[in-house]
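Please look over the sequence and the structure shown here, and read the report that follows alongside them.

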Number of protein chains: 2
Amino acid sequence: MKRLAKAGELELLLLGLLRRREMHGYQVSEFLETHLGMFFDLKKATAYNLLGKMEEVGWVTSREEKEGRRPIRRVFAITPEGEAIFQDLLRRSLPEYRYPAFPGNVPLLFLDALPPGEKEDLLKERRGVVRDRLTALETHMDHIAHPLLDHRREILHAELDWLGALIEDVEKK
Amino acid sequence: MKRLAKAGELELLLLGLLRRREMHGYQVSEFLETHLGMFFDLKKATAYNLLGKMEEVGWVTSREEKEGRRPIRRVFAITPEGEAIFQDLLRRSLPEYRYPAFPGNVPLLFLDALPPGEKEDLLKERRGVVRDRLTALETHMDHIAHPLLDHRREILHAELDWLGALIEDVEKK
DNA sequence: TCTCCGTTAGTCAAATTTGACTAGTTGTTT
DNA sequence: AAACAACTAGTCAAATTTGACTAACGGAGA
């Protein structure tokens, strides 16, 4: 058996899913896409890759399954070692906080490159987009409740406030 | 000359830097690390790679420079085509808003896996970490002002509020 | 019943990103 | 002045991630 790979959030995510019930690869990637795609972005091929690695190190097992005349599929299940890793990883990563990356902020470095009038227009356009996102989210939240949705609302709120202040600042210049 | 590559934030960032003044690769990567490392995370090797690609498509040029007895270095400068791309990219990306990824939120999906007492403890520990980050940032902000620092403060604030509400929720359970 | 289309299940080559390494230069200590 | 650390400048192989592809099956309509 191979050496322990270092585990990150993606491994935690996959282990956490397999903990609920065993799943075949397609099921995993579909669940990720439809239920968690809003929050995390783990593509199908990456999921398959990670599942393969985690099998190599013994955190998950797989067996082949043939149902009806559908193509054979590999069903993954978490092992006791995987569960141990999950428990450890959960406890170590929950209290951590790493500041997320905001690649969308890059253009904000170069506001100086824009003529005075256009600058405000583009910022206001951005604010409009954020506003729309927020209203869409709040509508959505009438139906479904989840802490991560609350999180997103808070973040969008913060973006709005910040953009508002920035626009004011740029305007009074 | 090669076909146009599709440009993203990283290209915008590099073009924006080279717009101010020409720089050699090491200078670029050092500037990224020391001045922008807090905000964006673009490693040295990636920067070199992108500079190479951007040279292939004609957005930047490079010439060799020998200073004193130091090793030869390649000095990169933006071209008129690069400037055009920069202008276009800036105007298209500024009003966009893509929600950032929060990989650190993965463990929050699995709070159910923790016994009642520990859950609150770990969440409070996380809140402590965020709080410390915020105070550190506010101290830092007494000396330097920058919209992106304000942005970070707003985000950390939002995290704190959200964590507070979540902890309350979990406690009253 | 034949055809076409969307779903299921997964693979693969190519693109991207990174950590580790090299190798010369300057500075510092003893 | 010898030894050693730290800075400069960049390269490279390996790991990661992705978009595009395959191929079989099930169902709907003509």
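In this predicted model, the surface near DNA strand C is made up of seven nonpolar, six polar and eight charged residues. In total, 21 residues surround DNA strand C, and the closest are A:Gly25, A:Tyr26, A:Ala45, A:Arg73 and B:Ala45. Two or more residues of this surface come from each of helix 2 (25–35), helix 3 and strand 3 of chain A, and likewise from helix 3 of chain B.

Around DNA strand D there are 20 residues, of which A:Ala45, B:Gly25, B:Tyr26, B:Ala45 and B:Arg73 come nearest. Here the elements that give two or more residues are helix 3 (44–56) of chain A and, from chain B, helix 2 (25–35), helix 3 (44–56) and strand 3 (73–78). The table sets out the classes of residue for the two DNA strands and for the side of chain B that touches chain A.

| Surface | Nonpolar | Polar | Charged |
|---|---|---|---|
| Near DNA strand C | seven residues | six residues | eight residues |
| Near DNA strand D | seven residues | five residues | eight residues |
| Side of chain B that touches chain A | 28 residues | six residues | 11 residues |

Turning to the contact between the protein chains, 45 residues of chain B are in contact with 45 residues of chain A. On the side of chain B that touches chain A, at least two residues are supplied by each of helix 1 (9–20), helix 4 (80–93), helix 5 (116–141) and helix 6 (147–172) of chain B. Which of these helices gives the most to that side? Helix 6 of chain B does, with 12 residues.

The interior can be described next. In soluble globular proteins, nonpolar side chains tend to be buried together. The largest nonpolar core of this model holds 68 residues, and those that touch the most other members are A:Leu12, A:Leu14, A:Leu15, B:Leu12, B:Leu14 and B:Leu15. If residues up to four places away in sequence are left aside, B:Leu15 touches B:Trp59, B:Ile78, B:Gly82, B:Ile85 and B:Phe86.

The sheets come next, beginning with chain A. Strands of a sheet pair through backbone hydrogen bonds, either parallel or antiparallel. In chain A, three strands form an open sheet in the order 1-3-2, and the pairing is antiparallel. Its edge strands are strand 1 (23–24) and strand 2 (60–65) of chain A, each of which pairs on one side only. Strand 2 of chain A is joined by six bridges to strand 3 (residues 73–78) of chain A, and the two run antiparallel; A:Glu64 stands opposite A:Arg74, which belongs to strand 3 of chain A. Helix 1 (residues 9–20) of chain A lies across strand 1, strand 2 and strand 3 of chain A, and runs at about 95 degrees to strand 3 of chain A.

Chain B has an open sheet of three strands in the order 1-3-2, with antiparallel pairing. Why is one side of strand 1 (23–24) and of strand 2 (60–65) of chain B left without a neighbour in the sheet? These strands stand at the edges and each has a single partner strand, so one side of each is left without a neighbour. Six bridges join strand 2 of chain B to strand 3 of chain B, and these strands run antiparallel. Helix 1 of chain B packs on this sheet, where it touches strand 1, strand 2 and strand 3 of chain B, and its direction makes about 95 degrees with that of strand 3 of chain B.

Individual bridge partners can be followed along strand 3 of chain B, where B:Arg63 has B:Val75 as its partner and B:Val60 stands opposite B:Ile78. Strand 1 of chain B is joined to strand 3 of chain B by two bridges, again in an antiparallel arrangement, and B:Met23 stands opposite B:Phe76 in strand 3 of chain B.

Two residues of chain B may be examined singly. B:Ser29 lies in helix 2 of chain B and is partly exposed, with 19 other C-beta atoms within 10 Å, whereas a residue counts as buried if 20 or more lie within that distance. B:Ser29 touches B:Lys44 and B:Ala47, not counting residues up to four places away in sequence. B:Lys53 is found in helix 3 of chain B, and with 14 C-beta neighbours inside 10 Å B:Lys53 counts as partly exposed. B:Lys53 and B:Glu11 are 42 residues apart in sequence, and their C-alpha atoms are 9.8 Å apart in space.

How values were computed: Residues are numbered from 1 along each chain as its sequence is written. Chains are lettered from A and ligands numbered from 1 in the order in which they are written. This is a predicted model: local features need pLDDT of at least 70, side-chain atom pairs count only at pLDDT 80 or more; totals for chains, interfaces and linings use all residues. A nonpolar core is a set of buried Ala, Val, Leu, Ile, Met, Phe, Trp, Tyr and Cys residues joined through C-beta atoms within 7 Å. A residue is buried if 20 or more other C-beta atoms lie within 10 Å of its own, exposed if 12 or fewer, and partly exposed in between; C-beta atoms are placed from the backbone. Two residues are in contact if their C-beta atoms, placed from the backbone, lie within 7 Å. Helices (H or I, at least four residues) and strands (E, at least two) are DSSP runs, numbered from the N terminus. Ala, Val, Leu, Ile, Met, Phe, Trp, Tyr, Cys and Pro count as nonpolar, Asp, Glu, Lys and Arg as charged, and the others, Gly among them, as polar. A residue is near a molecule or strand if its C-beta atom, placed from the backbone, lies within 6 Å of it. Two strands pair if DSSP finds at least two bridges between them. Axes are lines fitted to C-alpha atoms, for helices over the stretch in contact, and angles run from 0 to 180 degrees between N-to-C directions.
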